Every structure is written in structure tokens, then in C-alpha cells.
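Please walk me through this structure in plain terms, assuming that I have not seen it before.

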Amino acid sequence: MNGMTEDGADAAGPHGNGGQPPEGAGPVEGVRVTSAFPPRDTAVGGYLEPIRAGGALLWRAGAGGGTEVVLIRRPDRGDWTLPKGKLKNGEHPVTGAVREVEEETGLTPLMGRRLPPQRYLKDGWPKQVEWWAATPDHPDGTIDYQPNEEVDLVEWVPVEEARDRLTYDHDAQVLDNFRAGPATTFPVILLRHLSAGEKRGWPDSDLLRPLDEAGRSDALALPEVLGAYGRPRVVSSAAARCTESMLPYAVEHDVPMRTERAFTVREGSQYDVEEAQEAFARLVVEGLPTVVCTHGELVPKLMSEALTRLGAPVTQQLGLRKGSFWVVHVDSRSGTLAGVERHAIRG
């Protein structure tokens, strides 16, 4: 590993004076730019919309009992790096990362815990890459990839060797972040049902209120997004808007789906918080990948229960908009919290 960023700058930053802007450029002398990105010569003290990208650190158990990860070589640069790529306009970061990894390795990743993003300069422009730990959808991870002008080698490499072979510091940091936490995790996904119009505009029982046009469109997009996490089972509120939200996913991925009264907000906005929290806690403890679809009233209560039981701090912003979801990643061995992320269906 040579300690370089992808635009060729030293990892410490492009300025030879430790990040200070050049004299005469305008900023007050002695004042440093504070940013997650390295210092830059352009737009000093201002904002540049970063290039958005996504990738996955693919891992498997090696034949000798150790851990192996996938590295790729790009012939035009002669570098070794991790599979990643730019997101398309409007593309969901999860599905975009899956697409890029498939294109560069021939392997389909099943997303595990989310890793911290990496921020660096690409040809002088800030770039932000979202990362996940992931396993191949086929356990053996056999590589069947045709070399091309973008990637000519895809290899499983022992994790101890991988760090030295990686060309860039930001890739080595991804590897370090993976090794610092649990490899094997399972997701518990908490989804607020999709758009279903307004309660006051529905003349019948609220339990029967269906998805509206926007909700039905999002329901068709849901299988691709949730499928990135494997094939988690479905436990849903019995309300029509919840079961309809999950139906396309359950059918496309052929997963079991059942309703849970404790997650159902009944007529007159009736629900039992303690009952719902206990039911959610049981699912977390069971250790199986699970999607729970419920109502906005219950989402903060269920997330608070899960975080508390997992010994994690509880953030103030636990609520979700319709069509958004939390993913709680749990260490399969210790049952402790391994990560939390939040998404909307449309990214």
C-alpha cells in the first residue's frame, strides 16, 4: 500500500504546508478548512457536491480457516483496489453498490453491516463512497469473470495480504473498518408502510385502507432494495397498507410472510406499546434476518426498544417517513449492535 489517494495526492493532503491555503488566495491566514474531505486548492472554504459512489468489501472464510477478501486490478491504472463505482442519477446507494460490485467481480453481494464512508479527492473533486461488508450470494464465492479493459483480475486474497497489496489508503481504511467489527451479522429491518393516501379521505375501516398509486409503485421497487440484504422473512402489521407494501417482495423472493397483531395500529389508533416492543425484541433475539412492516406511531418505540436492548445509545430522530426503513445489523455471535443505517425506498 503506497499511501496515495486516487488523484495521486499524498494521503495527508495536496498542500505542502499541512493543509493551509496558499498565500494571497483570500482566506484568513492561520485558519484551516474543516471538512471530512482532504483540503483542496479549488473553492477553498466552499462546498463542492461530491461524486457519489458505492461498493462492498466481499469476504468469505478461507480454506485454512482465515478470512479472504476480493480485490480487483484495473489495467489502465495498474492498481489494486476494492470493487466500487459511481452511482447513476437517482440510483439507490444500496442497489447501486450491488450493481457496481456485480459488474466488477461477477459476484452478487449480500449486504452485511454498513461500514463508514470514505471521502477523498478524485482528480481534485471530492468523492464519497458508501461501503458495506458483504458475502457472495453463493457461499463458495467461485469467481467466473471475463477480464476486460476496466478490470483484468479479480482475486480472493487473504485479509492479511490484502492490506499490503491495496494501492490506496482509503481502501486500506475500509479493510481496517471491516476487521475492527464482526464479520457475521444479520439484519432486522424496520419499515414504515408505503404511501396509502390520507386516513380522513378513506370511508371504510382504516385496517382496509390500501396503498395509493405512489405506494404501489414503491412496492414494486421494494424487492430490489430489500433483496440486497438477502432473503429476510416478513413480519407485518395486519393492516392492508402494510401487507400490500410487502407482498411484491415476499412473492418475488419466495420468503415467508406472517402478520403480527402487536405491530398493528387498530381502529381509533389503538395499539399496545409494551406488547409491540416485546414482540420486536423477540425477533431481534431470535437471530434471523427479518423485515418488520408497521406504522409511523410504532416505529420510534420499536427502534428505541431494539437499541436499548442492544446496549446502544438512542438517537432523538427515530421516526420514519412512509416508505423509509431502518436496518439494524446485529452481531450473530454476541447479539450486540454491529451497525444501523436508514434509507428511503427511492434512495
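## Strands, cores and pockets

Val-188, in strand S8, has Val-328 of strand S12 standing opposite. The model that shows this pair is a predicted one. S12 covers residues 324-331, and seven bridges join it to S8 in an antiparallel arrangement. S8 also pairs with strand S11, residues 290-294, but here the sense is parallel and the bridges number five. On that side, Ile-189 has Val-291 of S11 as its bridge partner. Side chains in a regular strand alternate between the two faces of the sheet.

How many of the residues of S8 are buried? Seven of the eight are, and the strand is mostly covered. S8 is also among the elements that cover helix H7, together with helix H6 (273-286), S11, S12 and strand S13 (337-344). H7 spans residues 299-309, and its buried residues are Val-299, Leu-302, Met-303, Glu-305, Ala-306 and Leu-307. In an α-helix there are 3.6 residues to a turn, so residues three or four places apart point the same way. Just after H7 comes Gly-311, with a positive phi of about 70°.

Another antiparallel pair is formed by strand S5 (residues 109-122) and strand S6 (residues 125-136), with ten bridges between them. Within this pair, Leu-110 stands opposite Thr-135 of S6. The two strands make a hairpin with two residues between them. Asp-123 is found in this loop between S5 and S6. Its phi is positive, at about 55°, although Asp-123 is not a glycine. Is Asp-123 buried or exposed? With a relative accessible area of 62%, Asp-123 counts as exposed, because the cut-off for that class is over 50%.

Ala-43 likewise has a positive phi, of about 50°, without being a glycine. Ala-43 belongs to the segment before strand S1 (51-61). Its relative accessible area is 35%, so Ala-43 is partly exposed.

The next topic is the interior. The largest nonpolar core holds 39 residues, and those that touch the most other members are Met-111, Leu-226, Tyr-229, Met-246 and Phe-325. Helix H4, residues 213-227, gives this core its largest share, five residues. A second core, separate from this one, has 26 residues, including Phe-186, Ala-262, Phe-280 and Val-328. Val-328 is the residue that stands opposite Val-188 in the pairing of S8 and S12.

What does Met-111 touch, once its neighbours within four places in sequence are left aside? Its contacts are Ala-56, Val-94, Ala-97, Val-98, Trp-132, Ala-133, Ala-134, Ala-228 and Tyr-229.

Ser-236 offers another view of the interior. This residue lies in strand S9, residues 233-236. Ser-236 is buried, because its relative accessible area is 0% and buried means under 20%. Apart from neighbours within four places in sequence, the residues in contact with Ser-236 are Cys-242, Thr-243, Met-257, Arg-258, Thr-259, Glu-260 and Cys-293. Ala-172 is 64 residues from Ser-236 in sequence, and the C-alpha to C-alpha separation of the two is 40 Å.

Then there are the pockets. Rolling a probe the size of a water molecule over the atoms shows where empty space is left. The largest pocket contains about 410 Å³ of space. Its lining is made of 16 residues, and Arg-74, Lys-84, Gly-85, Glu-104 and Glu-150 lie nearest the centre. Strand S4 (84-86) and helix H1 (93-105) are the elements that give two or more residues to this lining. Sorted by class, the lining has twelve charged, two polar and two nonpolar residues.

The second largest pocket has about 280 Å³ of space. Of its 17 lining residues, Met-111, Thr-135, Thr-185, Pro-187 and Tyr-229 are the closest to the centre. S5, S6 and S8 (185-192) each supply at least two residues of the lining. Which classes make up this lining? Eleven of the residues are nonpolar, five are polar and one is charged. Met-111 and Tyr-229 were named earlier, among the residues that touch the most other members of the largest nonpolar core.

Technical notes: Residues are numbered from 1 along each chain as its sequence is written. This is a predicted model: local features need pLDDT of at least 70, side-chain atom pairs count only at pLDDT 80 or more; totals for chains, interfaces and linings use all residues. Side-chain values use heavy atoms; hydrogens and water are left out. Two strands pair if DSSP finds at least two bridges between them. Helices (H or I, at least four residues) and strands (E, at least two) are DSSP runs, numbered from the N terminus. On a 1 Å grid over the protein atoms alone, a cavity is a set of points where a 1.4 Å probe fits but cannot get out, and a pocket is an open set with protein on both sides within 12 Å along at least five of seven lines; lining residues have an atom within 4 Å of a point. Grid points are joined across faces, edges and corners, and a volume is the space filled by probe spheres set on the points. Ala, Val, Leu, Ile, Met, Phe, Trp, Tyr, Cys and Pro count as nonpolar, Asp, Glu, Lys and Arg as charged, and the others, Gly among them, as polar. A nonpolar core is a set of buried Ala, Val, Leu, Ile, Met, Phe, Trp, Tyr and Cys residues joined through side-chain atoms within 4.5 Å. Buried means under 20% relative accessible area, exposed over 50%, partly exposed in between (1.4 Å probe, protein chains only). Contact means heavy atoms within 4.5 Å.
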